[in-house]
Amino acid sequence: MKSIAYHILDIAQNAIQAKGTEVEVFIEEFDSNGTLRIIITDNGKGMTKDQAEHASDPYFTSRHTRKVGMGLPLLRQNAERTGGDFELESEVGKGTSVKALFVKDNIDCPSKGDIAGTIHQLITSNSTIDFNFCYNKNGNKFELNTKELKEVLDGTPLYQKEISGYIREMIEENLKDIQATDDFSYKT
């Protein structure tokens with residue numbers, strides 16, 4: 001995959017297909033140690049111990065519609081190629097957690113890609129799923145919880161044009177603000 005945003009989209013879609021009703025996407029980026037970690041957790045059906053052990057094998061999939069599953073193997077490969085690591089934890093009936101650590105200055109580290117667009121797409125395309133998105137860069141955080149957003153909007157669908165546009169703008173502006181604050185703090 002060409003970007004971390006694509007990895008997030010792929011793993012979050014896996015969570016939704018695994019009947020997850022709550023999906024958490026955390027991104028932690030620290031310049032002090034040059035790392036970027038993504039953590040995606042769901043409350044879906046989970047995997048057996050055997051399935052979890054083989055999940056990063058490209059020729060293993062639990063789906064019946066195809067014979068290969070490339071999302072987890074590619075994520076693992078891309079993280080490890082940077083000198084980072086990969087971890088998958090799962091329990092049947094409780095859900096799955098996928099963690100990948102990337103070393104940012106490694107030549108093999110994929111770009112971040114369109115994180116705002118990816119999160120926006122996940123939220124507005126899956127209105128029955130509750131998403132919690134958190135981006136933390138050097139201690140500057142932005143968090144968006146769709147369960148809280150749905151309560152404030154009192155039933156107005158998140159995919160409604162005006163609401164969808166607002167969500168996209170809110171994510172983009174907050175991620176830009178984090179970057180600007182971070183850039184300023186390093187210059188002073």
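This is a short talk about how one protein chain is put together, from its overall layout to a few individual residues.

Hi everyone, and thanks for coming. Before we start, please keep in mind that what you see above is a predicted model.

Let's begin with the overall layout. The secondary structure of this chain comes to six helices and six strands. If you follow the sequence along, the pattern reads α-β-β-α-α-β-β-α-β-β-α-α. The chain has 188 residues, and 43% of them are buried. Now take the contacts with a separation of 6 or more: 62% of these are between residues 24 or more positions apart.

Here is one pair you can look up yourselves. Gln51 sits in helix H2, which covers residues 49-54. Ser90 is 39 residues away from Gln51 along the chain, and their C-alpha atoms are separated by 9.1 Å. Gln51 itself has a relative accessibility of 24%, so it counts as partly exposed.

Next, the inside of the protein. How many residues are in the largest nonpolar core? There are 45, and those with the most contacts inside this core are Ile8, Val23, Ile38, Phe102, Ile119, Phe133 and Ile171. Helix H1, residues 4-17, gives the largest share of this core, with eight residues.

Let me pick Ile38 from that list. Leaving out residues up to four places away in sequence, Ile38 touches Ile4, Ile8, Phe26, Ile27, Leu75, Val98, Lys99, Ala100 and Phe102. Try clicking through those in the viewer.

Now for helix H1 itself. H1 has 14 residues, and from its first C-alpha to its last it reaches 20 Å, close to the 20 Å expected at 1.5 Å a residue. Which residues of H1 are buried? They are Ile4, Ala5, His7, Ile8, Leu9, Ile11, Ala12, Ala15 and Ile16. And what do they pack against? Their partners are strand E1 (22-30), strand E2 (35-42), helix H3 (71-81), strand E4 (95-103), helix H4 (115-125) and strand E5 (130-137).

We can look at the H4 side through a single residue. Thr118 is found in helix H4. Is Thr118 buried or exposed? Its relative accessibility is 7%, and buried means under 20%, so Thr118 counts as buried. Not counting residues up to four places away in sequence, Thr118 touches Ala5, Ile8 and Leu9.

On to the empty spaces. The count comes to one cavity of 30 Å³ or more. The largest cavity holds about 40 Å³ of space. Its lining is made of Val23, Val25, Ile119, Leu122, Ile123, Phe131, Asn132 and Phe133. The elements giving two or more residues to that lining are E1, H4 and E5. By class, the lining of this cavity has seven nonpolar residues, one polar and no charged.

There are pockets too, and I'd like to show you the second largest. This pocket has a volume of about 180 Å³. Around it you will find Lys112, Gly113, Asp114, Ile115, Ala116, Tyr135, Lys137, Glu172, Leu175, Lys176 and Gln179. Two or more lining residues come from each of H4, E5 and helix H6 (161-187). The largest share, four residues, belongs to H6. What classes of residue line the second largest pocket? Four are nonpolar, two are polar and five are charged.

Finally, a word about the backbone. Most residues other than glycine have a negative phi. With that in mind, have a look at two residues here.

One is Lys19, which has a positive phi of about 70° although it is not a glycine. You will find Lys19 just after H1, in the loop between H1 and E1. With a relative accessibility of 64%, Lys19 counts as exposed.

The other is Asn138, with a positive phi near 55°. Asn138 also has its place in a loop, between E5 and strand E6 (140-145). How accessible is Asn138? Its relative accessible area is 21%, so Asn138 is partly exposed.

That's my tour. If you want one place to start exploring, try helix H1, which gives eight residues to the largest nonpolar core. Thanks for listening!

Methods
Residues are numbered from 1 along each chain as its sequence is written. This is a predicted model: local features need pLDDT of at least 70, side-chain atom pairs count only at pLDDT 80 or more; totals for chains, interfaces and linings use all residues. Side-chain values use heavy atoms; hydrogens and water are left out. A nonpolar core is a set of buried Ala, Val, Leu, Ile, Met, Phe, Trp, Tyr and Cys residues joined through side-chain atoms within 4.5 Å. Buried means under 20% relative accessible area, exposed over 50%, partly exposed in between (1.4 Å probe, protein chains only). Contact means heavy atoms within 4.5 Å. The expected span of a helix is 1.5 Å times one less than its number of residues. On a 1 Å grid over the protein atoms alone, a cavity is a set of points where a 1.4 Å probe fits but cannot get out, and a pocket is an open set with protein on both sides within 12 Å along at least five of seven lines; lining residues have an atom within 4 Å of a point. Grid points are joined across faces, edges and corners, and a volume is the space filled by probe spheres set on the points. Ala, Val, Leu, Ile, Met, Phe, Trp, Tyr, Cys and Pro count as nonpolar, Asp, Glu, Lys and Arg as charged, and the others, Gly among them, as polar.
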